[in-house]
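Biologist: Hi! Could you walk me through this structure, one piece at a time?

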Amino acid sequence: MMMTSTTEKAVVHPHPQRWAVLGVLCLSVMVVVLDNTVLNVAIPSISTGLDASTADIQWMINAYSLALAGLLLTTGSLSDRFGRKRALLAGLALFGAGSAVAAYATSSEALIAARGFMGIGAAVLMPGTLAVLMQLFDDEERPKAIGIWAAVSSLGFAAGPVIGGALIKHFWWGSVFLINVPVALLAVAAVAFLVPESKDPTVRRPDVLGSILSIVGMVSVVYAVIEVPEHGFGSAEFGVPVAIGLVTMTGFALWERHTTDPMLDLGFFGNRRFTGAVASGVLAAFGMAGSLFLLTQHLQGVLGYSPLEAGVRVAPMAIALLITSNTLGQLVIKLGAGRAMLLGMTIVAGGVALLSIGTTYPPTLAGLVLIGVGVGVSQPVAVNALMGSIPPERAGIASGLSGTLTELGSSFGIAVLGALLSARFVASLPEGVPGRSLSEALHSGADITVVREAFSNGMSVSLAVGAVAVFLGGVVASVLLRRA
């Protein structure tokens, strides 16, 4: 009862400039989301321009993911302590500076370091966006605001390949990073003038040991998952870091239970709304991140689209999400959180299942539209349930925890579904054809039709698993939210 009362007091007077502030928060999120998908299009040009090896390219991607996943819990807690506006400004500045360095990097090592720096900036920035949003909107307007925030995130994901493809076509590879700089500068100015400061009024001692344990634990687990495609689940490269991560995270949980000023209040997990929202987010990230990762390869390697054409063909998902999240608000309210989550996640699962049979673009298009509609229904409900189930003064750490677990779910989704695809792909190839990647098999001299069919077979199995994971996320969330 105390928690509910605190939340109600915090939203009695909505901020007069809340919609303008929401635009600033969306701009801040957009610059981070764009960077992830823009990079995928630029990889061939970067590889040629810097004479980068396959390992170099992998670390350009992984340095960002490791920094983001490892720091989100700590930065979420720090934003509560020192102020969300300060966190937004610091994160944007770090991200913009890292982007500028990345744009003019002259070696693979310099670009990897810059990408890690950008990951730090993203980790500082991300928790504050949701935390500020929760402070400014009341219970009536918050679902719509969250829907817009979620739609912009997905729009950035879909727009990345389109923007990246256009930049690579007319400029050098560094332009995909340089474009972040003016956007970050604009966002810094807007945050400085429009966003009000907010932070946890309770003075808490810094949880230094908790921060160290969380960083070591999350970096170890994510690193282990990153090694799966290259070495497999049974390898020491996976087993050793995952063991270190699990032991460290167990130590983190024990420490947080006994310290007087914990960075993360584990009592949050006793709230069924919170646990339901977190569980659905992890399973949805597992299914969707893995599925869309495979889909981009399918569009280019099997259906023969260029990176720009593939990006354009993924865009309907974001458009469907944007329309749904802004038109079905009343339906979601009438259904209630539990039913809405089950409906939304079931639609997403159906969309992923359609992708699994998409040997041509029309069924793929239908699947993408369904995913957009389903996410448009379920994501605002999940975020609202998550953020509304905790005291508003701890919104930063809650957002950081959500982002951390979502990043972990995405990493596992890409690794597990990618491993399933690889195993089926290799088994379906004629003897003697190399199957370490679709590109290698296509350039091996083997029958292209046979190679593409083998990849489609592997993708069908992987996406079926992804669809099941998403549906289970909806069932778990629905049960927990309805009991709450």
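**A chat about the helices**

Modeller: Happy to! Let's start with one residue, Ile371, which sits in helix α16 (residues 361-388). Keep in mind that this is a predicted model.

Biologist: Okay, is Ile371 buried or exposed?

Modeller: Ile371 has a relative accessible area of 2%. Buried means under 20%, so Ile371 counts as buried.

Biologist: And which residues is Ile371 in contact with, leaving aside neighbours within four places in sequence?

Modeller: Those are Met288, Met317, Val348, Gly351, Val352 and Leu355. There is also a C-alpha separation to look at: Ile371 and Ala320 are 51 residues apart along the chain, and their C-alpha atoms are separated by 8.2 Å.

Biologist: Cool. Is Ile371 part of something bigger?

Modeller: Yes, the largest nonpolar core, which has 115 residues. Ile371 is among the members that touch the most other members, along with Ile46, Leu111, Leu133, Trp173, Phe177 and Phe274.

Biologist: Which helix gives the most to this core?

Modeller: Helix α2 (residues 18-49) does, with 15 residues.

Biologist: Why would residues like that gather in one place?

Modeller: As a general tendency, nonpolar side chains in soluble globular proteins tend to be buried together.

Biologist: Pick another residue from that list. What does Leu133 touch, not counting residues up to four places away in sequence?

Modeller: Leu133 touches Leu22, Leu25, Arg142, Ala145, Ile146 and Trp149.

Biologist: Let's zoom out. How many helices and strands are there in the protein?

Modeller: There are 19 helices and zero strands.

Biologist: And how much of the protein is buried?

Modeller: Of its 484 residues, 53% are buried. As for the outside, the protein exposes about 19,900 Å², and 67% of that comes from carbon and sulfur atoms.

Biologist: What about contacts across the sequence?

Modeller: Take the contacts between residues at least 6 apart in sequence: 83% of them join residues at least 24 apart.

Biologist: Now some helix pairs, please. How do α12 and α15 pack?

Modeller: Helix α12 (residues 272-302) and helix α15 (residues 337-356) pack at an angle of about 20°, and their axes are 11 Å apart. Angles under 35 degrees count as roughly parallel, so α12 and α15 are roughly parallel to each other. The crossing of α12 past α15 is left-handed.

Biologist: Which residues meet there?

Modeller: From α12 you have Ser280, Ala284, Met288, Ser291 and Leu295, and they meet Met341, Met345, Val348, Val352 and Leu355 in α15. You may recognise some names, since Met288, Val348, Val352 and Leu355 are among the contacts of Ile371.

Biologist: Got a pair that runs the other way?

Modeller: Try helix α4 (residues 84-103) and helix α8 (residues 180-194), whose axes come within 9 Å and cross at roughly 165°. That angle makes α4 roughly antiparallel to α8. Their crossing is left-handed.

Biologist: Who meets whom between α4 and α8?

Modeller: On the α4 side, the residues include Leu88, Leu92, Phe95 and Gly96. On the α8 side, they include Val181, Ala184, Ala187 and Val188.

Biologist: Any other pair like that?

Modeller: Helix α9 (residues 208-226) and helix α11 (residues 236-258) have axes that come within 7 Å and cross at roughly 155°. That makes α9 roughly antiparallel to α11. The crossing of α9 and α11 is left-handed.

Biologist: Where does Gly232 lie?

Modeller: Gly232 is in the loop between α10 (228-231) and α11. With a relative accessible area of 22%, Gly232 is partly exposed. Leaving aside its neighbours within four places in sequence, Gly232 is in contact with Glu227 and Phe238.

Biologist: Let's do Ala398 next. Where is that one found?

Modeller: Ala398 is in helix α17 (residues 395-428). Ala398 is buried, with a relative accessible area of 1%. Not counting residues up to four places away in sequence, Ala398 touches Phe274, Leu386, Met387 and Ile390. Its C-alpha atom and that of Leu73 are separated by 8.3 Å, though the two residues are 325 residues apart along the chain.

Biologist: Last one: what about Ser478?

Modeller: Ser478 is in helix α19 (residues 448-483). Ser478 is buried, with a relative accessible area of 5%. Not counting residues up to four places away in sequence, Ser478 touches Gly338, Arg339 and Leu342.

Methods
Residues are numbered from 1 along each chain as its sequence is written. This is a predicted model: local features need pLDDT of at least 70, side-chain atom pairs count only at pLDDT 80 or more; totals for chains, interfaces and linings use all residues. Side-chain values use heavy atoms; hydrogens and water are left out. A nonpolar core is a set of buried Ala, Val, Leu, Ile, Met, Phe, Trp, Tyr and Cys residues joined through side-chain atoms within 4.5 Å. Buried means under 20% relative accessible area, exposed over 50%, partly exposed in between (1.4 Å probe, protein chains only). Helices (H or I, at least four residues) and strands (E, at least two) are DSSP runs, numbered from the N terminus. Contact means heavy atoms within 4.5 Å. Accessible areas come from the Shrake-Rupley method with a 1.4 Å probe; for residues, only the protein chains shown count as cover. Axes are lines fitted to C-alpha atoms, for helices over the stretch in contact, and angles run from 0 to 180 degrees between N-to-C directions. Angles under 35 degrees count as roughly parallel, over 145 as roughly antiparallel, 65 to 115 as roughly perpendicular and the rest as oblique. A crossing is left-handed if the near helix is turned anticlockwise from the far one by less than a right angle, and right-handed if clockwise.
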